[in-house]
Amino acid sequence: MPDVPSGGLSEGGGQDDRRTARLSGPLFRDETPQEPMTGASPQPAPAAPEPEQPPAPKPKKSAGRDLGAAIGVGVGLGAVIIASLFVVKAVFVGVIAVAVVVGLWELTSRLQERKSIKAPLIPLAVGGAAMVVAGYVRGAEGAWVAMALTALAVLVWRMTEPPEGYLKDVTAGVFAAFYVPFLATFVAMMLTADDGPWRVLTFLILTVVSDTGAYAIGWRFGKHKLAPRISPGKTREGLLGAVSFAMAAGVLCMQFLVDDGTWWQGLVLGVCVAASATLGDLGESMIKRDLGIKDMGTLLPGHGGIMDRLDSLLPTAPVVWLLLVLFVGSG
């Protein structure tokens, strides 16, 4: 403690001492500064809660194509086919020939663009159109003769160019001749029967219904992949839908459209059409995967090219022709 002068607090020096004490520290208890409490730290103010975000909507399944354009083009093609089919048979043969030539052009163009394979288009187009006409006029015998002559024309035509790539070019040409025009001749051969237009209509209805059933059921219920390495969109549920739809359509068509047809024949026909249409679709998917493309062309909005519509029709044509001949005769 500092020494206090003898005058006490009553003297003038006491006032100075009070001033000194005031400057050096608090004079009263309540003026003593509070020490922070040990072991406790100030808590930060709680942050304002973030507003809850609405849950993101689940993505809807997409068909992958413009359905409006696809339906419009499909209806237009159907009108052309029906009109030519029931007016003059020869006109419908011309429609088949035009579809074959366009399909050959698409196929050979993609082969050249993606694989540098030059399958000669001119002999293929001329021979393909002749093949369809020969099948309509002379039946299976005429179709086989035209096929052989077309293959020979491909071999000779390619000789006018350098020999490099000759084997792959002519092999692709013979494959194209068989795949597109030869299989299409069976549609023309169906047409020669007395009820030929109804047979062709049955063939078209069953193939389209099979594709529609596979798409509708597979898009809605498909979970198990059918052939993921070839076509990831194909499902086993879709295949069941194709079989069911085609069998129902087959019963109706054989009962009411085809002369002397019965309902059980429609069941058999529906199963076979669903199988061949699915295999045809997978076959072209295999070709497109090898070429690294999605569609064979862009001629038909919402569908792709002509070959993208013929993929299931071409391999189904000989199946339907043969079964109808076995069931009700060649007519």
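The legends below describe close-up views of a predicted model.

Residues are numbered from 1 along each chain as its sequence is written, and side-chain values use heavy atoms, with hydrogens and water left out. Local features need pLDDT of at least 70 and side-chain atom pairs count only at pLDDT 80 or more, whereas totals for chains, interfaces and linings use all residues.

**View 1. Salt bridge between arginine 158 and aspartate 169.**
A salt bridge is a side-chain nitrogen of Lys or Arg within 4 Å of a carboxyl oxygen of Asp or Glu. The structure holds 6 of them. In the pair shown, the closest N and O atoms are 2.7 Å apart. Arginine 158 belongs to helix α4 (residues 121–158) and aspartate 169 to helix α5 (residues 166–191), with the two positions 11 residues apart in numbering. Helices (H or I, at least four residues) and strands (E, at least two) are DSSP runs, numbered from the N terminus. Both arginine 158 and aspartate 169 are buried. Buried means under 20% relative accessible area, exposed over 50%, and partly exposed in between (1.4 Å probe, protein chains only).

**View 2. Two salt bridges of helix α8, made by aspartate 281 and lysine 288.**
Aspartate 281 pairs with lysine 234, and their closest N and O atoms are 3.0 Å apart. This pair links helix α8 (residues 263–291), which holds aspartate 281, to strand β2 (residues 231–235), which holds lysine 234; the partners are 47 residues apart. Aspartate 281 counts as buried because its relative accessibility is 18%, while lysine 234, at 22%, is partly exposed. Lysine 288 forms a salt bridge with aspartate 308, again with a closest N and O separation of 3.0 Å. Here lysine 288 lies in helix α8 and aspartate 308 in helix α9 (residues 306–310), 20 residues apart. Lysine 288 and aspartate 308 are both buried.

**View 3. The largest nonpolar core, with 60 residues.**
A nonpolar core is a set of buried Ala, Val, Leu, Ile, Met, Phe, Trp, Tyr and Cys residues joined through side-chain atoms within 4.5 Å. The residues with the most contacts inside this core are Ile96, Val200, Phe203 and Leu269. Helix α5 gives the most to the core, with 15 residues. Leaving aside residues up to four places away in sequence, valine 200 touches Leu85, Phe92, Val187, Met190 and Leu191; contact means heavy atoms within 4.5 Å.

**View 4. Helix α5 and its bend at phenylalanine 178.**
Of the 26 residues of α5, 19 are buried. The expected span of a helix is 1.5 Å times one less than its number of residues. For α5 this gives 38 Å, and the end C-alpha atoms are 37 Å apart, so the two values agree. The helix bends by about 30° at phenylalanine 178, and proline 181 follows within four residues. The bend at a residue is the angle between axes fitted to the seven residues ending there and the seven starting there.

**View 5. Aromatic cluster of Trp144, Phe178, Phe182, Phe186 and Trp321.**
Rings of Phe, Tyr and Trp (its six-membered ring) pair if their centres lie within 6.5 Å; planes under 30 degrees apart count as stacked, over 60 as edge-to-face and the rest as tilted. By this rule the count comes to 7 aromatic pairs. Phenylalanine 178 and phenylalanine 182 are stacked because their ring centres are 5.4 Å apart and their planes meet at 25°. Both lie in helix α5, 4 residues apart, about one turn of the helix. Phenylalanine 178 is partly exposed at 38% relative accessibility, whereas phenylalanine 182 is buried at 4%. The pair of phenylalanine 182 and phenylalanine 186 has centres 5.7 Å apart and planes at 90°, so this pair is edge-to-face. Phenylalanine 186 is buried, with a relative accessibility of 11%.

**View 6. Positive phi at serine 116 and aspartate 260.**
Most residues other than glycine have a negative phi. Serine 116 has a phi near 60° and sits in the loop between α3 (89–115) and α4. Aspartate 260 has a phi near 65° and lies in the loop between α7 (236–256) and α8. At 67% relative accessibility, aspartate 260 is exposed.
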